[in-house]
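These are my notes from going through one chain, element by element, with the coordinates open beside me. I wrote down what I looked up, in the order in which I looked.

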Amino acid sequence: MRRLRRTGPRRPADTLVRATGRPVRPARPRTFLAAATAALLALTASGCVTVHGEQALIPAATPAEAQQALKDFTAAFNAADQAYDPTRDAGRVTGAFGEINQAGLRSRHLTNPGGNPNHRPLELTDAKFAIPREAGWPRWFVADTDSNRDTDSGPADTRWVLVFVRDGAAQPWQAAYLSILGPDRIPALKREAGYAVPVAAGATGLAVAPKDLGERYVSFLKDGQPGPFAPGPHTTEWRAERKKAANRPGLVTQYADQAESRAHFAPLALATEDGGALVFFATRYFERQTAAPGYRPKVGPDVKALLTGEVKSTVTKRWVSSQTVLVSSDKAEVLSRLQGVTAAEGS
């Protein structure tokens, strides 16, 4: 075989020596690099290699981190409530609960600029955490806590059930959902190796998939057709209250509901021991009140503080509502509803 000869100029020998005086190792053949690259791609595609943990199931938080998140939230909540200053807890709330909280603080600040004369620090104790393992972000967990905010009109004892979320390791934990429930209304959650079990948004085997709860709830409130929602104060009784308020002497009230699932308003669900799911989801609705000629709808001070425009014959209130639902294979029971006016417009 004829030997091929180099036709270009040969590089000087000293160019093959590093500054350390050591000879440079010959470059690896391209065939080796190609084979190594192909092997890495194959491993990655098969799930054997994970970059930054996007595919690994990781606990959302350690118990110590969850406890600190609860402590940080309580401190910020109390500071905001005492001063009626929404900026003091804006970084610790988000989603449906955050929007309700911030609107309420803005309203009360306008009516009481000196702060809350009846402030009583919130105390959340006996915390029980339900921490799921999931891949990627956002991550979330549930804190079931005893509160000192029991009322004469409600259960003798109440628990604050808070859902905390965050979008990255450098972000703060924020409360996105709040449910206030009696201890006997909180279902037992399923655990695997000590961790809560998340339920996928499109999970089958339930009366309603978590991702569809908002739309189904809105439809039920609109037409009241029989469906998966069990009778109760937040379903059949809520529709009856609306119907009663719809046509009062001199005042007509109309409602328009819509589902909400963007960003931190997305439904979140945990599996229960009996095979069901505890789901948190959000909706919005508009309440439009129109008075008869010569009259004006009454507007309370809290709503008036959020009002734009002038109330002549109509006022439209915008509400955010968050629901906590226990879903089984054949029904959905709304355990809690927290709602608040976030804006109002007069015309």
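I began with a strand pair and found K128 standing opposite D144 in β4. The model I am reading is a predicted one, and I keep that in mind throughout. The two strands concerned, β2 and β4, run antiparallel and are joined by five bridges.

I then stayed with D144, which is found in strand β4, and asked whether it is buried or exposed. With a relative accessible area of 13%, under the 20% limit for a buried residue, D144 is buried. I looked up its surroundings next: setting aside neighbours within four places in sequence, I found D144 in contact with D126, A127, K128, R159, W160, V161 and I186. For A127, which lies 17 residues from D144 along the chain, I noted a C-alpha separation of 5.6 Å. The burial of D144 fits its strand, since eight of the nine residues of β4 are buried, so β4 is largely enclosed by the rest of the structure.

On the other flank of my reading, I followed β4 to β5, to which it is joined by eight bridges in an antiparallel arrangement. Here I recorded R166 in β5 as the bridge partner of R139. From β5 (residues 159-166) I went on to β6, where seven bridges join the two strands, again antiparallel, and where V163 stands opposite Y177 of β6.

Which order do the strands of this sheet take? I wrote it down as β2-β4-β5-β6, an open sheet of four strands with antiparallel pairing. β2 (124-130) and β6 (174-181) are the edge strands, and each has a single partner, so one side of each is left without a neighbour in the sheet. Neighbouring strands are turned against each other by 25° on average, direction ignored. Helix α2 (residues 63-83) packs on this sheet and touches β2, β4 (139-147), β5 and β6, its direction making about 135° with that of β2.

I turned next to helix α4 and listed its buried residues as L213, G214, Y217, V218, F220 and L221. Seen down the axis of α4, these fall within an arc of 160°, so they line one face of the helix. I reminded myself that an α-helix has 3.6 residues a turn, so residues three or four places apart point the same way. The buried residues of α4 pack against α5, β10, β12, β14 (314-327) and β15, while on the other side of the helix E215 and K222 are exposed.

I checked K222 separately, and at 72% relative accessibility it counts as exposed. Its C-alpha atom is separated by 7.7 Å from that of D257, a residue 35 positions away along the chain. Just after α4, I noted that G224 takes a positive phi of about 65°.

For helix α5 (residues 236-246), I found the buried residues to be W238, R242, A245 and A246. They cover an arc of only 110° around the axis, which puts them on the same side of α5. K243 and K244 are exposed on the other side. What covers the buried residues of α5 includes α4 (213-223), β9 (247-248), β10 (251-260), β12 (277-291) and β15 (332-346).

I then looked for open space, and found about 600 Å³ of it in the largest pocket. Its lining comprises 31 residues, among which F77, I100, N101, R108 and L338 lie nearest the centre. Which element gives the most to this lining? I noted α3, with eight residues. At least two lining residues come from each of α2, α3 (95-111), β6, α6 (301-304) and β15.

I closed with the totals for the chain. Its secondary structure comes to six helices and 15 strands, and 41% of its 347 residues count as buried. Of the contacts with a separation of 6 or more, 65% are between residues 24 or more positions apart.

Note on methods. Residues are numbered from 1 along each chain as its sequence is written. This is a predicted model: local features need pLDDT of at least 70, side-chain atom pairs count only at pLDDT 80 or more; totals for chains, interfaces and linings use all residues. Side-chain values use heavy atoms; hydrogens and water are left out. Buried means under 20% relative accessible area, exposed over 50%, partly exposed in between (1.4 Å probe, protein chains only). The arc is that of the directions from the helix axis to the C-beta atoms. Contact means heavy atoms within 4.5 Å. Two strands pair if DSSP finds at least two bridges between them. Axes are lines fitted to C-alpha atoms, for helices over the stretch in contact, and angles run from 0 to 180 degrees between N-to-C directions. On a 1 Å grid over the protein atoms alone, a cavity is a set of points where a 1.4 Å probe fits but cannot get out, and a pocket is an open set with protein on both sides within 12 Å along at least five of seven lines; lining residues have an atom within 4 Å of a point. Grid points are joined across faces, edges and corners, and a volume is the space filled by probe spheres set on the points.
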